[in-house]
Amino acid sequence: MDYKALMEKACEARKMSYSPYSRFCVGAALLCKNGKVYTGCNVENAAYSATNCAERTAIFKAVSEGEREFEAIAIIGGKAGEDGGFCAPCGVCRQVIAEFCDKDFKIVLGTADSVNVYTLGELLPLSFTKDSL
(Lines give C-alpha, C1' and ligand atoms only; values in the text may rest on other atoms or scores of the structure.)
Protein backbone atom coordinates (compact mmCIF):
# COMPACT_ATOMS: atom_id res chain seq x y z
CA MET A 1 0.00 0.00 0.00
CA ASP A 2 1.32 3.42 -0.83
CA TYR A 3 1.29 6.23 1.71
CA LYS A 4 -1.32 8.27 -0.18
CA ALA A 5 -3.77 5.35 0.03
CA LEU A 6 -2.99 5.00 3.73
CA MET A 7 -3.67 8.72 4.23
CA GLU A 8 -7.02 8.32 2.46
CA LYS A 9 -7.96 5.66 5.02
CA ALA A 10 -6.98 8.08 7.80
CA CYS A 11 -9.23 10.71 6.20
CA GLU A 12 -12.13 8.26 6.28
CA ALA A 13 -11.44 7.35 9.92
CA ARG A 14 -11.44 11.06 10.82
CA LYS A 15 -15.13 11.21 9.90
CA MET A 16 -15.89 8.98 12.91
CA SER A 17 -14.21 11.36 15.41
CA TYR A 18 -16.10 12.04 18.61
CA SER A 19 -14.79 15.49 19.51
CA PRO A 20 -17.64 17.61 20.89
CA TYR A 21 -15.36 19.70 23.12
CA SER A 22 -12.34 20.64 21.00
CA ARG A 23 -14.06 20.05 17.65
CA PHE A 24 -10.58 18.94 16.49
CA CYS A 25 -11.14 15.75 14.53
CA VAL A 26 -8.28 13.30 14.01
CA GLY A 27 -8.08 10.09 12.01
CA ALA A 28 -5.32 7.51 11.81
CA ALA A 29 -4.64 4.46 9.69
CA LEU A 30 -2.08 1.91 10.93
CA LEU A 31 -0.43 -0.38 8.38
CA CYS A 32 0.67 -3.74 9.72
CA LYS A 33 3.59 -5.59 8.16
CA ASN A 34 1.14 -8.27 6.95
CA GLY A 35 -0.79 -5.63 4.96
CA LYS A 36 -3.78 -5.27 7.29
CA VAL A 37 -4.88 -1.72 8.10
CA TYR A 38 -6.46 -0.67 11.39
CA THR A 39 -8.08 2.73 11.64
CA GLY A 40 -8.86 4.93 14.60
CA CYS A 41 -10.30 8.30 15.47
CA ASN A 42 -10.01 10.49 18.52
CA VAL A 43 -12.62 9.93 21.21
CA GLU A 44 -13.01 12.81 23.66
CA ASN A 45 -14.46 12.76 27.14
CA ALA A 46 -15.80 15.51 29.39
CA ALA A 47 -13.08 14.47 31.85
CA TYR A 48 -10.35 15.41 29.37
CA SER A 49 -7.73 12.99 30.67
CA ALA A 50 -9.97 10.09 29.62
CA THR A 51 -9.74 11.19 25.97
CA ASN A 52 -8.03 8.81 23.55
CA CYS A 53 -6.18 9.93 20.43
CA ALA A 54 -6.74 8.44 16.97
CA GLU A 55 -3.25 6.94 16.84
CA ARG A 56 -3.68 5.07 20.10
CA THR A 57 -7.16 3.93 19.09
CA ALA A 58 -5.73 2.36 15.91
CA ILE A 59 -2.77 0.80 17.74
CA PHE A 60 -4.84 -0.58 20.60
CA LYS A 61 -7.38 -1.95 18.14
CA ALA A 62 -4.61 -3.77 16.24
CA VAL A 63 -2.94 -5.05 19.40
CA SER A 64 -6.30 -6.30 20.71
CA GLU A 65 -6.57 -8.36 17.50
CA GLY A 66 -3.12 -9.91 18.05
CA GLU A 67 -1.06 -7.66 15.76
CA ARG A 68 2.41 -6.67 16.94
CA GLU A 69 4.33 -5.81 13.76
CA PHE A 70 3.67 -2.42 12.21
CA GLU A 71 5.07 -0.64 9.18
CA ALA A 72 3.53 2.85 9.10
CA ILE A 73 0.77 5.10 10.41
CA ALA A 74 -0.94 7.96 8.59
CA ILE A 75 -2.44 10.78 10.67
CA ILE A 76 -4.62 13.71 9.66
CA GLY A 77 -6.45 16.23 11.84
CA GLY A 78 -8.11 19.60 11.99
CA LYS A 79 -11.17 21.52 13.08
CA ALA A 80 -14.53 19.94 12.33
CA GLY A 81 -15.89 21.07 8.98
CA GLU A 82 -12.41 21.62 7.54
CA ASP A 83 -10.51 19.22 5.28
CA GLY A 84 -7.81 18.51 7.83
CA GLY A 85 -4.09 18.49 7.43
CA PHE A 86 -0.73 18.21 9.13
CA CYS A 87 -1.26 16.78 12.61
CA ALA A 88 1.78 15.36 14.37
CA PRO A 89 1.21 12.76 17.11
CA CYS A 90 1.23 14.00 20.69
CA GLY A 91 3.91 12.88 23.14
CA VAL A 92 1.77 10.12 24.64
CA CYS A 93 1.07 8.68 21.19
CA ARG A 94 4.75 8.86 20.29
CA GLN A 95 5.55 6.88 23.43
CA VAL A 96 2.89 4.25 22.61
CA ILE A 97 4.26 3.96 19.06
CA ALA A 98 7.75 3.49 20.55
CA GLU A 99 6.45 0.56 22.61
CA PHE A 100 5.63 -1.41 19.46
CA CYS A 101 7.79 0.05 16.69
CA ASP A 102 11.43 0.54 15.82
CA LYS A 103 13.00 3.93 15.14
CA ASP A 104 12.57 3.40 11.37
CA PHE A 105 8.76 3.06 11.68
CA LYS A 106 7.14 5.50 9.24
CA ILE A 107 4.80 8.29 10.38
CA VAL A 108 2.90 9.82 7.47
CA LEU A 109 1.59 13.35 7.96
CA GLY A 110 -0.15 15.67 5.54
CA THR A 111 -3.41 15.69 3.60
CA ALA A 112 -5.21 13.35 1.25
CA ASP A 113 -3.26 14.99 -1.60
CA SER A 114 0.17 15.58 -0.10
CA VAL A 115 2.10 13.49 2.40
CA ASN A 116 5.34 13.90 4.32
CA VAL A 117 7.01 10.82 5.76
CA TYR A 118 9.01 10.87 8.98
CA THR A 119 10.54 8.12 11.06
CA LEU A 120 9.77 7.54 14.71
CA GLY A 121 13.44 8.25 15.38
CA GLU A 122 13.03 11.71 13.89
CA LEU A 123 9.90 12.50 15.90
CA LEU A 124 11.01 10.88 19.16
CA PRO A 125 14.78 10.99 19.54
CA LEU A 126 16.24 9.65 22.79
CA SER A 127 13.06 7.67 23.42
CA PHE A 128 12.45 5.55 26.51
CA THR A 129 11.64 2.00 25.41
CA LYS A 130 11.64 -1.54 26.80
CA ASP A 131 15.35 -1.61 25.89
CA SER A 132 15.83 1.14 28.49
CA LEU A 133 14.71 -1.20 31.29
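Which residue's side chain makes a polar contact with the side chain of Asn52 at 3.3 Å? It is Arg56. To place that pair, start with the fold around it. The model is predicted.

The sheet comes first here. Five strands build it, and it is open. Read across, the order is β2-β1-β3-β4-β5. The pairing is mixed. β2 (37-41) and β5 (115-119) are the edge strands. Each has a single partner strand, so one side of each lacks a neighbour in the sheet. From one strand to the next, the twist averages 20°.

Now take the β1-β2 pair. β1 covers residues 24-32 and runs antiparallel to β2. Five bridges join the two strands. In one of them, Leu30 is partnered by Tyr38 of β2. Helix α1 (residues 3-14) packs on the sheet. The helix touches β1, β2, β3 (70-79), β4 (106-110) and β5. The directions of α1 and β3 make an angle of about 45°.

Back to Asn52. The residue sits in the loop between β2 and α2 (54-64). Is Asn52 buried or exposed? Its relative accessible area is 19%. The cut-off for buried is under 20%, so Asn52 counts as buried.

The side chain of Asn52 has polar contacts with two named side chains. One is with Arg56, at 3.3 Å. Another, with the side chain of Thr57, spans 2.8 Å. Leaving aside residues up to four places away in sequence, Asn52 touches Cys41, Asn42, Val43, Thr57 and Phe60. Thr57 thus appears both as a polar partner and in the list of touching residues.

Technical notes
Residues numbered from 1 in each chain as written. Predicted model: local features only at pLDDT ≥ 70, side-chain atom pairs only at ≥ 80, totals over all residues. Heavy atoms only, no water. Pairing = 2+ DSSP bridges. Helix = DSSP H or I, 4+ residues; strand = E, 2+ residues; numbered from the N terminus. Axes fitted to C-alpha atoms, helices over the stretch in contact; angles between N-to-C directions. Contact = heavy atoms within 4.5 Å. Buried < 20%, exposed > 50% of the residue type's maximum accessible area, 1.4 Å probe, protein only. Polar contact = N/O pair within 3.5 Å; in protein donor to acceptor, adjacent residues only side chain to side chain.
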